[in-house]
Structure formats: C-alpha cells, structure tokens
Amino acid sequence: MSQNRLLAILLSVLAVLVLVVGGLSAVLLLSGGGDDGGDASASSGGGGTTTESGGGGGSDVAAAASGRIRLASSDPITLDPHLAGDATSAEYIVEIFGGLMTLDKDLNVIPDIADSVEISDDGLVYTFTINPDAAFHDGRAVTAEDVAYSLKRAASRELSSPTALAYLGDIVGVREYFFGLADDVPGIQVVDDRTIQLTIDSPKPYFLAKLTYPTAFVVDREQVESNRNWTRRPNGTGPYKLTEWRLGERIVLEANENYHLGAPALKEAVYLLAGGSALTRWENDELDVAPISVNDVERARDPGSDLGPFYSTWPQFSISYLAFNLEQPPFDDVHVRRAMGMAIDRERIANVTFSGMFQNATGILMPGMPGYVPEDLSLPFDPEAARAELAQSKYADDMPVIQITEVGAGAEASIDMQAFIEQWREHLGLTVEVRQTDFASFLSAQDRRELQAFSAGWIMDYPDPEDILDIKFHSESSLNDTGYSNPEVDSLLEQARVEQNPDRRLGLYQDVERLLLDEASWLPLYFGVNHVVVKDNVKGWFEPPMVIPRLRYVTVER
Amino acid sequence: MGAYVIRRLAWLPFVLLIVSFITFALARFGPGDPVAIAAGQIRDPEVLAQVREQRGLDGSIIEQYGRWLRDAVQGDFGESFIQQGYSVSELIFPRMWVSAQLGFLALVIIFVVGIPLGLLSAKLAGTWADPAIIGSLLFLQAIPVLVLIPPLLWLFALQFNLLPVGGWDGLFDIWWIAGVIAIPIPDPHLYLPLTAFTLPGFVGVARLVRISALEVNTLDYVRTARAKGLSETAVQWRHVFPNSLLPLITVFGLALSGIIEGALFVETLLGIPGIGRFLFEAVTSRDYDVIMATTVIFATAFILANLVAELMYGLVDPRVRLGASRN
C-alpha cells in the first residue's frame, strides 16, 4: 500500500521536473540564438550565416561546390601577418596576404607583388618594380607606398613584433627603428609609385627568401588604421579572401578571382576548427584531407586497408633534436656528448617505436634543403666506439647527474626517451633522468639556458641553411640554444652569409654541418614527415615541406 | 534581510580584489609567459623584452596589477595573447553560455535523481535495500571526477562506440516526425559530461534527503498528522516531503559550487568549449588576461551561489534570520 503511494510521489516529482526541463528547452530552442549546435538552428532555418553562404542562388552553389575543399585546422593565434610567428597562423596568412616575393611549389623564390627585382652589383640595394596587376581584395592597386608602409609597420616599436628583427633586421635602419632609436628607416625608400628600394647591411643571398615570410607581407593601411578589428576580415592581396571566421567553428576562404598570378582553380576552402578525430570525420566524409596520427599509421600504410589507397607521406623541413647545454657539466666535454650520440639506435626507434612516423635524421639539413648531402652525416650507432669515447672523458670516473628535460604532463617519459635511457644504461652504464614540464615553463627555462639537456625541435622558416645553421649555432646568435661556440664555425658561417657564389656558399654550410655533427652539441633525432589521407576527387594535393601558399595548385572534382 | 544582502554584496568587491591580486601574483611569478609562447620559435631575448614592455608586462607587480585593475573596473578585461585581436570579454561570453547550459541541466538532474532516490531509500529503511543503496551511493560519491571520466570514455566511447569521445554540439538534436513535429532529444555529446557532473551531486542529495526524511518521519507533527487520520499519501506529501527537503536548500549552493568547480575537469577532459576548459587552456598558455577574467568570474559565481543558498534558507525556514545577530 504505502509503497504504491511512494511510487506515485516519485512519479509525480519526476513528471513535474520533466515538464520544467521540457518547457525550458522549448524556450531555449524558440529563442533561436539559444542553441549553439548548428544542427537545430540550421534545420529550422534560423542559422543566419549558414543560410547566407549556402543559399545565395542555386547555380552559384553548384559552381562553388565543384571547387570546394574541407580541411581540419584550428583557430590562428592571429591573422596579422606582422605579428604571426606560428605555423597555424602562417598557413592562413600566406593564402590571404602576399609580399614582394613568394615561394612556388618547388620552393623557388619568385616575385609576387613585385614583378621584377634588380640587385646592385655590391649586393646591397634591391630595387623592386611592383606588378601593375597586384591589387588588394577590394580592388585597390598595390603601390610602393603600401609596401613601404607595411614594412615599416612590421618593424615599428609600436607594434613590437616578435618576428620583425629576424626577417627585416637586415634592412639598414630597421634595428634602430624597432628599438625606438630612429624615426624612420633609411633602408626603405619609395622611388616612385611602382618602385621601391631596399638597402641591406651586407650582401646576403638569403635576403629575398626572408621576404617570403609573413612579416614582410603587405597590409592595407586604410583598413589597419581605421578598424581595430581588421584581422577578422583582412583586406589582403593573396590568392584567397577570408569570407567567414567563426571562432572555434570554421574559417572560409574564397578564391580571389582577380589574383595577379592567376585566378585559383579551387574556389573555396573550408577549415573546420572543431570536432573530434580528423580521421573519423574523414571516414565520415566530413573532410577531404586528414592527418594520420601515430596510432593509425600502420593501418594507413597497409595498401590493402580502407585507408591505403588514399594515403601518402610528405617529408617536412623540420627536425627534432636533443640539445646539450655546453655550459653545464658533463656536456662541456665533447666525449660525453659523442658517446651519448653513438649509444642510441635512432634508426630503429624511428622505424619501430614510431612505426616510421618520422624519418631518422641523417644530419641537420633535411632532404630537399639546399646544401643537403644524401649520405648519413650523423654519429653512427656504435656501442663499442661510444664506450671508448666515454672512457676518454674527464668525467669517466665521476659522472655528474644527467637530467634531460622535455615537454610533457609528467606521467612518464616519451616513448623514444625511454628507449634512449635504456640504451644509455645498457651501452654506457649511464643513469639519465627525465624531467617533464609544461610548455610555458619549458620555454622560459630553455631561453634562460637553465636546462642541462633538453629535447626540442626546429621548423625552417625559409629554405636556406642560414635559417638553421647560422641562427642556431653562431656563437653570437640570440637563438643559439646550447651555448655552442666555435671560432672556426663562426668564421665559416660569416663567410657563407656574404658568399655570392651559390655552390661555394652551400659548400661552406656543408663544412659547418659536418663540424657541428662531429662536436655533437645537438643530437639530431628525426626529420618531420606529414602523413595524410586525401579523398579521390581532390587533385594535386601536396604537403609542402614548409608553409607556402598552396591552395591555388589544388582542384576538387565533384 | 535587504540590509543583509546589501552588506554581503558590499563585501564582494573586496573578496574579488583579494582573489584577483593573488591570482595575478601567482600567474606573474610563475615560470613562462604568453609573449614567449605567441612568439613561436624565434625568441630573441632583447626583442621579447621590448614586446613585454609594449604589452604592459614590465614594471613591478603592483604597477602591473594597478593597470589591470584600472582597466577591469572600466569593464576592459584586456586582450587575449593566444587569440589576438579579440577582447577577453568577446571570447569568454560564448564559452560561459556553453557552461551555463550544461551546468543548469546538471543542477536539474542532481535534484531530479537525488530526491526520489533519497526518499526511496528512506522508505526502505530497515530492509536490506537501504544499506545496499546507500553503500553503492557512497562508493560512487567517493570516485573523483578525474578518475571517473577515463573509464566512462573507454567503456561507452571506445568499447561500445555508443557515445562521441568528446566535443559539444548544443543541447538538443531535433527529430522530425513526418517533417512536421519536432521532438528535441538530448545531444549525444551531453551524456558523459552530465554523468560526470551529476554523480557526486545527486548522491549527496540522495543521502541528505534520506536522513532528513527518516528524521521527519519520527517527528511529533507527523505522528499527530497520522493520529488525525490523514491518509499516508497526505502525510507524505504535505508534511514529510516539504520538511525533509529543507536541508536541500543549503545543498543547492554547494551543488552549484561543485558544478562550477567540476567544469574545469569535465570540460577539459571531454573537449567541451566552456569556460572551465578555457581557463585550463589559458593557464597552459599563460594567457594572463584570460586567466584573470575567468578567475574573477568563477569567484563571483561561487560567492553568489553561496549567497543565494543562504537567502533561500532564510526564506524557507523562518527560524533562520539572516544578519539578526547584529541587531
């Protein structure tokens, strides 16, 4: 009896609450903006933006759909080319903006906004003629004044861009301007509407390559100065225009039909910024291209699998390495560094532990880079030689504690690091500790050179050996992260900076690379490789080894 | 009571001042900074020093805090370092909305499930079922959210493939019947976060309701009501039920705080773009202004939740006279 009553009570309580919840949800739904999920609002026709871009006339939709690609990505840190320093931001920026020079598919430096460049005999003065067809997305032609304004904005103290000096610092007067010591940049001169002259401090053959980086891109002065939020719909000069950016949801790029290097075949690129596993979404036909992670790489590589026919790999201009702090024992002793380098079997780790996700690093310069030598320059895996090397060390009998720092959550060392530790123990009898810290703390400790040894990486910003050999190893470079200092290397690097003969110049870098590997302040571990699956109807897709404008080379058939 | 509320609210700015200063100091003194992270791989110390100066990250901590406070008081919570070109407020509000929807649903479920469970358990007191229910509830309550989520994910998302691994797609999907009748059904992304959010909460509620109902059942007025000849239903509905719910009012405030707190873990682990996850990401990237704004919002929410709980208690129980001791 009483149990029946209780049941009645319970049921009525439930009923009341269900009604309340139901009612509230109805209110939420009816109020339209209430629901964040696109599903409900789109199907009820309430999602304003979705309808706008999708329903602008039947024929239009068909045309757009025939050249539309769907990619997975994330929000850029910034779309201001002068401030961006990360690869994600750069990938959007190179499609939307442009500068005097750009990189083609094969990474040759080619004119973009400039249509010709003349270099003075002493290699100091660069005279650019502006392409008469180069225009902003709103149709206004690009003038020399626009270029000068943009370069000066990028170099200004007011903007204080972290990348300004690295890319523009060779121009006479930029350094002083950046630190607020001068009011103008004498090295940037507008000759006339279509001519601009840049003067650099010494004849550097890689200067043009630096100008392909976003820091040197052209922005629309009028837009930048009148609209604080201009990066949300930037008026660039690139092959694509940004037509939609919903934070955390999607970014849509549309072809710039008037692009001065030719209207792109691919009409639209949709970057989906949210959602779960990219591969799952690719299999679900929500994406046209998806990266393959280490967990799926075995399956993708099997030609008989459902992924096999769509799978491809693309070497990248990036390297992972172990760095030794040469100012701290025992790494002030070259024998310890060399011994540790020869005691690890990197090839096996790259192929077995990482299932071939990466390529074993055979040196510092990646395959495809100017100056790359197609032979293994790195220290060979040779436990016996490693032991002999260690025996020569002044620390042979009294080894200080060795601690390697890596970025991580602190649960356990990364799988390759565990393998290294095991091999150092086995072959050298060394005990190596691993410490993990979060990314922000890691950067701060790395920059202060507090770490005894650490694992890090480098991504090429322009395809010139100077971008890694000089800026990571010259004793006076602010980005030298090991304290490495060798007068012979410094002198070779300085010669290479100004050597005008390309072959001789690359030869100098090859000498430097051999010296560096021999002294093992870095132990190069792997070169990066991108693994992707691409749908059949996407033609001409490629993963360039570094960030370049690529969408205009791709077509999608539907 | 009005005076009490005003007095309590008058304290709010002081509490926020203390909370914000401590957060500010912890963030600035901790290692790492957003400038280095946003700079990418090119980090020239000389250049970064100037960038910090331009972004107002130089000077003593008091100066910096003063600048932050001056702007914050005027409603300017600064700009994100990691999502440049967007003000912190612009970034926070969409995420707060996601968290609010989820939190509200969780709150409802806590009481919807907790109350009947508690009453049922009380009703079964003296049988084997009561300790069984309470025992399993205690077991469930003892599992921290952090420990709970991975096995749930493994079981429902990976093994059985029933639920998505994470993410957010709004509260409801619509089922159309014959293209005319729309039936809102909860989105599948909701089940795991709601389970994680509500498990400790409804267990707490159930236990409280059980104790309270058992106690009320033995009270004189219940005996009197039965003696008058009232039906058992009437006794339960009119006397036991409302009176045993009284202590729940205090739990309401606690449950709300629990949900706010849980948001940090649940949203982060399940990839829900709410304010908890936003705070976590801001902390990892040292996005100072976002950390500050989020902490202030969390602190305000805590304080208000507790104030609401106190006020409701006063409304329901006339014996509680808020602030009376001062008069």
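Two strands pair if DSSP finds at least two bridges between them. The exercises below apply this to a predicted model.

**Exercise 1. Find the bridge partner of A:F128 in strand 7 of chain A.**

Step 1. Take strand 5 of chain A, residues 125-130, and strand 7 of chain A, residues 195-199. Five bridges join them. That meets the requirement of at least two bridges. The two strands run antiparallel.

Step 2. Look across from A:F128. Its bridge partner in strand 7 of chain A is A:I196.

Step 3. Place the pair in its sheet. Four strands of chain A form an open sheet in the order 4-5-7-6, with antiparallel pairing. Strand 4 (114-119) and strand 6 (188-192) of chain A are the edge strands, and each pairs on one side only. From one strand to the next, the twist averages 25 degrees.

Step 4. Add the helix. Helix 6 of chain A, residues 144-154, lies across strand 5, strand 6 and strand 7 of chain A. Its direction makes about 175 degrees with strand 6 of chain A.

**Exercise 2. Describe the open sheet of chain A with the order 1-10-9-8, and explain why one side of strand 1 and of strand 8 is left without a neighbour.**

Step 1. Read the order and the pairing. This sheet has four strands, and its pairing is mixed.

Step 2. Go to the edges. Strand 1 (68-72) and strand 8 (240-246) of chain A each have a single partner strand, so one side of each lacks a neighbour in the sheet. Neighbouring strands here are turned by 20 degrees against each other on average, direction ignored.

Step 3. Check the strand 9 and strand 10 pair. Strand 9 (residues 250-255) and strand 10 (residues 268-272) of chain A pair in the antiparallel sense over five bridges. Within this pair, A:V252 has A:V270 as its bridge partner in strand 10 of chain A.

Step 4. Check strand 8 against strand 9. Six bridges join these antiparallel strands of chain A. A:Y240 stands opposite A:A255 of strand 9.

Step 5. Close the turn. Strand 8 and strand 9 of chain A form a hairpin with three residues between them. In that turn, A:G248 has a positive phi of about 70 degrees.

**Exercise 3. Characterise the contact between chain B and chain A.**

Step 1. Count residues. Chain B gives 59 residues and chain A gives 61 residues.

Step 2. Get the area. The two chains bury about 5,200 Å² between them, with 60% of it on carbon and sulfur atoms.

Step 3. Count the polar links. There are 18 residue pairs in polar contact across the interface, both residues at pLDDT 80 or more. The count of salt bridges between the chains is six.

Step 4. Test one salt bridge. The cut-off is 4 Å from nitrogen to carboxyl oxygen. For A:D447 and B:R43, the closest N and O atoms are 2.8 Å apart, and the two form a salt bridge.

Step 5. Assign elements on the chain B side. Those giving two or more residues are helix 2 (34-39), helix 3 (45-54), helix 5 (88-123), strand 1 (172-177) and helix 10 (232-245) of chain B. Helix 5 of chain B gives the most, with 14 residues.

Step 6. Sort by type. The chain B side divides into 33 nonpolar, 14 polar and twelve charged residues.

**Exercise 4. Locate the salt bridge between A:K535 and A:D285 along the chain.**

Step 1. Set the total. Over all chains the count is 43 salt bridges.

Step 2. Take the distance. A:K535 and A:D285 meet at 3.9 Å, N to O. The cut-off is 4 Å.

Step 3. Place both ends. A:K535 is in the loop between strand 17 (522-534) and strand 18 (538-539) of chain A. A:D285 is in the loop between helix 11 (278-283) and strand 11 (289-291) of chain A. The pair links distant parts of the chain, 250 residues apart.

**Exercise 5. Find the backbone exceptions at A:P330 and A:L107.**

Step 1. Recall the background. Most residues other than glycine have a negative phi, and most peptide bonds are trans.

Step 2. Examine omega. A cis peptide bond joins A:P329 and A:P330, with omega about 5 degrees. A:P330 lies in the loop between strand 12 (311-324) and helix 13 (334-342) of chain A.

Step 3. Examine phi. A:L107 is not a glycine, yet its phi is positive, about 65 degrees. A:L107 sits in the loop between strand 2 (101-103) and strand 3 (109-111) of chain A.

Definitions and conventions
Residues are numbered from 1 along each chain as its sequence is written. Chains are lettered from A and ligands numbered from 1 in the order in which they are written. This is a predicted model: local features need pLDDT of at least 70, side-chain atom pairs count only at pLDDT 80 or more; totals for chains, interfaces and linings use all residues. Side-chain values use heavy atoms; hydrogens and water are left out. Contact means heavy atoms within 4.5 Å. Buried area is the accessible area (1.4 Å probe) that two parts lose on being put together, summed over both. A salt bridge is a side-chain nitrogen of Lys or Arg within 4 Å of a carboxyl oxygen of Asp or Glu. A polar contact is a pair of N or O atoms within 3.5 Å; within protein, one must be able to donate a hydrogen and the other to accept it, and residues adjacent in sequence count only if both atoms are side-chain atoms. Ala, Val, Leu, Ile, Met, Phe, Trp, Tyr, Cys and Pro count as nonpolar, Asp, Glu, Lys and Arg as charged, and the others, Gly among them, as polar. Axes are lines fitted to C-alpha atoms, for helices over the stretch in contact, and angles run from 0 to 180 degrees between N-to-C directions.
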